[in-house]
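Please keep the viewer open beside this text and make each selection as it is named. The tour goes from one hairpin to the next, then to the interior and the cysteines, and ends with the whole chain.

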Amino acid sequence: IPAYTEDGIKLLPVAQIQCVSVLEGKTYAIDSENQSFRLKQRLYELEQQLPSCFIRINKSALANENALDRFAVTYAGSVDAVFKCGYREYVSRRCFAQIKSRLEGK
């Protein structure tokens, strides 16, 4: 996937992508070294292009199921997905129920 950095364009292998997130209307990919890269595609376009191991974890993020380390409960009672690179992203209740049933089915 073409990813944009300050220096130019880098081809980012799908296997290195831990999470795809939308921040302030812009799409970013977080890689295995916890670096973020700007992507030109919209989240729904990436959801169609990426393999099935990418699952929606909230309205504005996709997670690589293979890169998930654990789920952490916050003090407020919400759930965060913690990735192997150390990045954390909020998991919505609706998506968490789907993720839970998907993981139990394995």
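**First stop: the β4–β5 hairpin**

In this predicted model, begin by selecting β4 and β5, which form a hairpin with four residues between them, and look in the turn for Asn34, whose phi is positive at about 60°. Strand β4 covers residues 26-31 and pairs with β5 in the antiparallel sense over four bridges. To see how the two strands line up, show Ala29, which stands opposite Phe37 in β5.

Now display the side chains of β5, residues 36-39, and turn the view until the strand is seen along its edge. Which side chains point to which face? Phe37 and Leu39 point to one face and are buried, while Ser36 and Arg38 point to the other and are not buried. Keep Leu39 in mind, since Leu39 returns below as one of the members of a core of 13 residues.

**Second stop: β6 and β7**

Move along the chain to β6, residues 54-58, and β7, residues 61-64. A hairpin joins these strands through two residues, and the strands run antiparallel, with four bridges between them. If you select Arg56 in order to follow the pairing, its bridge partner in β7 is Leu62. With a surface switched on, β6 should be hard to see from outside, because four of its five residues are buried and the strand is largely enclosed by the rest of the structure.

**Third stop: β9 and β10**

Next select residues 79-83, which make up strand β9, together with residues 88-91, which make up strand β10; the two run antiparallel and are joined by four bridges. Asp80 stands opposite Tyr90 in β10, which gives a convenient pair for orienting the view. These strands also form a hairpin, with four residues between them, and Gly86 in the turn has a positive phi of about 105°.

From β9, step across to Phe71, which lies in strand β8, residues 68-73. The C-alpha atoms of Phe71 and Ala81 are separated by 4.7 Å, although the two residues are ten apart along the chain. Is Phe71 buried, exposed or partly exposed? Its relative accessible area is 29%, so Phe71 counts as partly exposed. Leaving aside neighbours within four places in sequence, Phe71 is in contact with Val79, Asp80, Ala81, Val91, Phe96, Ile99 and Leu103.

**Fourth stop: the nonpolar interior**

Hide the surface and show the largest nonpolar core, which has 15 residues; of these, Ile57, Ala63, Leu68, Ala81, Phe83, Tyr87 and Val91 touch the most other members. Strands β6, β7 and β9 each supply at least two residues of this core, and β9 gives the most to it, with three residues. In soluble globular proteins, nonpolar side chains tend to be buried together.

Centre the view on Phe83 and list what surrounds this residue. Beyond its neighbours within four places in sequence, Phe83 is in contact with Gln18, Cys19, Ile57, Ala63, Asn64, Ala67, Leu68, Asp69 and Glu89. Apart from the largest core lies another, of 13 residues, among them Leu12, Leu39, Leu50 and Phe54.

**Fifth stop: the cysteines**

How many disulfides does a search of the whole structure find? The search finds zero. A disulfide is a covalent bond between the sulfur atoms of two cysteines. For Cys53, the closest cysteine sulfur is in Cys19, at 12 Å, which is too far for a bond. The sulfur of Cys95 likewise has its closest cysteine sulfur in Cys19, and that distance of 12 Å is too far for a bond. Both residues can be selected with the surface on: Cys53 is buried, with a relative accessible area of 17%, and Cys95 is buried, with a relative accessible area of 8%.

**Last stop: the whole chain**

Finally, zoom out and colour by secondary structure, which comes to two helices and ten strands. Read along the sequence, these follow the pattern β-β-β-β-β-α-β-β-β-β-β-α. The radius of gyration is 13 Å, close to the 13 Å that the globule rule gives for 106 residues, so the protein is as compact as a globular protein of that length. Its C-alpha atoms fill a box of roughly 40 × 30 × 25 Å along the principal axes. Of the 106 residues, 40% count as buried, and the protein exposes about 6700 Å², of which carbon and sulfur atoms supply 48%.

Methods
Residues numbered from 1 in each chain as written. Predicted model: local features only at pLDDT ≥ 70, side-chain atom pairs only at ≥ 80, totals over all residues. Heavy atoms only, no water. Pairing = 2+ DSSP bridges. Disulfide = S-S within 2.5 Å. Buried < 20%, exposed > 50% of the residue type's maximum accessible area, 1.4 Å probe, protein only. Rg over C-alpha atoms; globule rule 2.2 N^0.38 Å. Areas by Shrake-Rupley, 256 points an atom, 1.4 Å probe, with all protein chains shown as cover. Core = buried A, V, L, I, M, F, W, Y, C linked by side-chain atoms within 4.5 Å. Contact = heavy atoms within 4.5 Å.
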